[in-house]
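User: Could you take me through one part of this protein, the place where its helices pack, and then follow the packing outwards from there? I'd like to know which residues do the touching and what lies around them.

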Amino acid sequence: MADLDEGERLARLRLVRTPRIGPVAYSQLIRRFGSGIEALAALPALARRGGGALPAIPPQAAAETEVGFVARLGARHLFRGEAGYPVLLDRIDTAPPVLIVRGDIGLFDRRTVAIVGARNASGAAIRFARTLAHDLGEAGWLVVSGLARGIDTAAHAGSIATGTAAVIAGGIDVVYPPENAALQEAIADRGLLVAEQPPGIEPRARHFPYRNRIIAGIAAGTVVVEAAPKSGSLITARLAAEFGREVMAVPGSPLDPRAQGCNLLIREGATLIQSAADIAEALSPIAGVAARPSEAFAPVPPPAEADEPARAMLAGLLGPVPLPVDELIRQSGVPAAMVQMVLLEFELAGRLDRHAGGRVSLIAS
């Protein structure tokens with residue numbers, strides 16, 4: 001993994017900012033064409049074969065403006081495939097094509113644990129989360145959280161002296177929640193601030209699950225300290241489990257609704273946590289797996305171009321109900337690489353939606 005040259009960085013940023021190109025499409029384009037420059041050149045033909053109009057590709061000037069603005073903020077773009085990109089995050093299929101980071105990216109090299117929990121946490125839980133984070137930081141762990149009120153804030157406060165990373169839902173220049181303005185600035189100065197959204201984007205409800213997948217993806221394990229049964233913290237825990245990471249929870253009183261989510265996680269198999277030593281013990285078998293980079297961008301031989309009957313068959317098997325890609329390959333009998341290329345064409349043409357769990361559906365015309 002090495003740094004990209006300026007022309008390739010601008011091309012990849014334009015690719016990332018092009019509508020309809022999500023993380024999966026982006027990685028497939030880079031693998032298929034070898035570079036952002038070549039992928040951009042291929043987009044018109046791909047969209048045409050997919051049966052739709054080419055999405056609006058941002059001009060190079062727009063990418064240059066964004067890069068310059070981010071640099072003036074004291075931040076930088078960190079592309080998937082570049083040196084310094086978090087190795088564990090790189091292993092998930094939906095890893096962000098680019099992160100905007102401000103602070104010490106060397107912290108990504110540390111063993112990493114996520115601590116998340118309720119925004120309206122109890123005083124006892126806030127104190128416990130701060131102590132956990134402090135003890136983990138003293139033991140050399142990077143503590144990552146989402147800079148939300150309550151448990152997230154406590155986790156950052158407890159580990160800011162030793163190393164903490166905050167993944168925010170909006171742009172790198174946007175403060176949220178407002179009362180954490182000083183903490184966000186302190187993390188950028190002494191730790192690491194991470195954003196996926198472009199600068200200037202205010203956080204919206206749809207951005208928080210995206211942020212949660214980054215938190216779960218960066219860390220070897222996720223600890224939940226107080227959470228309601230349908231909270232965002234449990235979404236982070238579910239994502240961690242899907243990524244093959246350790247899920248841990250702090251037990252609480254069954255009389256406190258804020259503890260119900262944690263108690264539910266433990267009942268479903270999460271590791272019960274009472275101290276930082278418990279976390280270190282739970283993660284010791286897997287914390288070192290970051291040494292091996294993923295093969296997300298390993299070049300692949302170009303698949304034979306699908307003919308119209310194969311393309312029509314795949315379109316016929318798809319509908320508004322999400323279908324696993326593996327099932328689509330099995331039912332169609334079309335080679336997997338060819339199916340993936342046709343799906344990419346449909347996506348670029350605005351005809352395909354991707355869903356969690358590797359499922360796809362056609363968009364009603």
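Analyst:
**Helix 15 and its partners**

Let's start with helix 14, where Val-325, Leu-328, Ile-329 and Ser-332 meet Ala-336, Val-339, Gln-340 and Leu-343 of helix 15. Sorted by class, the residues of this contact are six nonpolar, two polar and no charged. Please keep in mind that the model is predicted.

As for the geometry, helix 14 covers residues 325-332, and it packs on helix 15 at an angle of about 120°, with the two axes 10 Å apart. Angles from 65 to 115 degrees would count as roughly perpendicular and those over 145 as roughly antiparallel, so helix 14 is oblique to helix 15. The crossing of helix 14 over helix 15 is right-handed.

Helix 15 has another partner to look at. Helix 2 (residues 23-33) packs against helix 15 (residues 336-348) at about 125°, and here the axes are 11 Å apart. That angle makes helix 2 oblique to helix 15. Helix 2, however, passes helix 15 in a left-handed crossing. From helix 2, the residues involved are Ala-25, Gln-28, Leu-29 and Arg-32, and they meet Gln-340, Met-341, Leu-344 and Glu-347 of helix 15. In terms of class, this contact of helix 2 with helix 15 has four nonpolar, two polar and two charged residues. Gln-340 is worth finding on your screen: it takes part in the contact with helix 14 and also in the one with helix 2.

**From helix 2 to helix 1 and strand 1**

Helix 2 leads us to helix 1, since helix 2 is among the elements that cover the buried residues of helix 1. Helix 3 (36-49), helix 4 (60-72), strand 1 and strand 2 (98-103) are included in that cover too. Helix 1 spans residues 6-16 and is mostly covered, with nine of its 11 residues buried. Those buried residues are Glu-8, Arg-9, Leu-10, Ala-11, Arg-12, Leu-13, Arg-14, Leu-15 and Val-16.

In the loop between helix 1 and helix 2 you will find Arg-20. Arg-20 is not a glycine, yet it has a positive phi of about 80°. Its relative accessibility is 35%, so Arg-20 counts as partly exposed. For context, most residues other than glycine have a negative phi, and most peptide bonds are trans.

Strand 1 (residues 76-79) holds Phe-79. With a relative accessible area of just 1%, Phe-79 is buried, because the cut-off for that class is under 20%. What does Phe-79 touch, not counting residues up to four places away in sequence? Its contacts are Leu-4, Arg-9, Arg-12, Leu-13, Tyr-26, Tyr-85, Pro-97 and Val-98. Although 67 residues along the chain lie between the positions of Phe-79 and Arg-12, their C-alpha atoms are 8.2 Å apart.

**Another helix pair, and the cores**

For a further packing example, turn to helix 9 (residues 207-218) and helix 10 (residues 232-242), which pack at an angle of about 50° with axes 9 Å apart. Helix 9 and helix 10 are therefore oblique to each other. Helix 9 passes helix 10 in a right-handed crossing. On the helix 9 side the contact uses Pro-209, Asn-212, Arg-213, Ile-215 and Ala-216, and on the helix 10 side Gly-232, Ile-235, Thr-236, Leu-239 and Ala-240. By class, six residues of this contact of helix 9 with helix 10 are nonpolar, three polar and one charged.

Just before helix 10, the loop from strand 7 (221-225) contains Glu-226. Glu-226 has a positive phi of about 65° without being a glycine. Glu-226 counts as buried, at 10% relative accessibility.

Finally, the nonpolar cores. In soluble globular proteins, nonpolar side chains tend to be buried together. The largest nonpolar core here has 34 residues, and Leu-89 and Val-224 touch the most other members. Beyond its neighbours within four places in sequence, Val-224 is in contact with Val-116, Ser-233, Leu-234, Ala-237, Met-248, Ala-249, Val-250, Cys-262 and Leu-265. There is also a second, separate core of 25 residues, including Val-113, Ala-118, Val-143 and Leu-283.

Key:
Residues numbered from 1 in each chain as written. Predicted model: local features only at pLDDT ≥ 70, side-chain atom pairs only at ≥ 80, totals over all residues. Heavy atoms only, no water. Core = buried A, V, L, I, M, F, W, Y, C linked by side-chain atoms within 4.5 Å. Buried < 20%, exposed > 50% of the residue type's maximum accessible area, 1.4 Å probe, protein only. Contact = heavy atoms within 4.5 Å. Axes fitted to C-alpha atoms, helices over the stretch in contact; angles between N-to-C directions. Helix = DSSP H or I, 4+ residues; strand = E, 2+ residues; numbered from the N terminus. Parallel < 35°, antiparallel > 145°, perpendicular 65-115°, else oblique. Left-handed = near helix turned anticlockwise from the far one by under 90°. Nonpolar A, V, L, I, M, F, W, Y, C, P; charged D, E, K, R; others polar.
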